[in-house]
Amino acid sequence: MAKISTSISIDADVKAQAQELFAELGLDLSTAVNLFLRQCIYEDGIPFLVSRRKRTESGCPAEEPQSAEH
């Protein structure tokens, strides 16, 4: 499969943090992006939930307020 070069804009600190993480996993940024893109194709969409729901400090979804309609 032919490879092409692509240019994207990434926040400098996000890129640095991602590169550090991927290096610990034995990956470079290019390989990680390719994994993400292939997974999107495989899943026929983004391979994780994209939501506007707020999260707690632990990263868990915040509890939805319960309705008083009983």
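1. A pocket is an open set of points on a 1 Å grid over the protein atoms alone, where a 1.4 Å probe fits, with protein on both sides within 12 Å along at least five of seven lines. The largest pocket holds about 540 Å³ of space, a volume being the space filled by probe spheres set on the points.

2. This is a predicted model, in which local features need pLDDT of at least 70 and side-chain atom pairs count only at pLDDT 80 or more, while totals for chains, interfaces and linings use all residues. Residues are numbered from 1 along each chain, and side-chain values use heavy atoms, without hydrogens and water.

3. The largest pocket is lined by 15 residues, lining residues having an atom within 4 Å of a point. Ile4, Ser30, Val33, Asn34 and Leu37 lie nearest its centre.

4. Helices are DSSP runs (H or I, at least four residues), numbered from the N terminus. The 15 residues of α2 should span 21 Å at 1.5 Å a residue (1.5 Å times one less than the number of residues), and its end C-alpha atoms are 21 Å apart, which agrees.

5. Gly26, just after α1, takes a positive phi of about 80°. Asp44, just after α2, has a positive phi of about 60°.

Technical notes. Helices (H or I, at least four residues) and strands (E, at least two) are DSSP runs, numbered from the N terminus.
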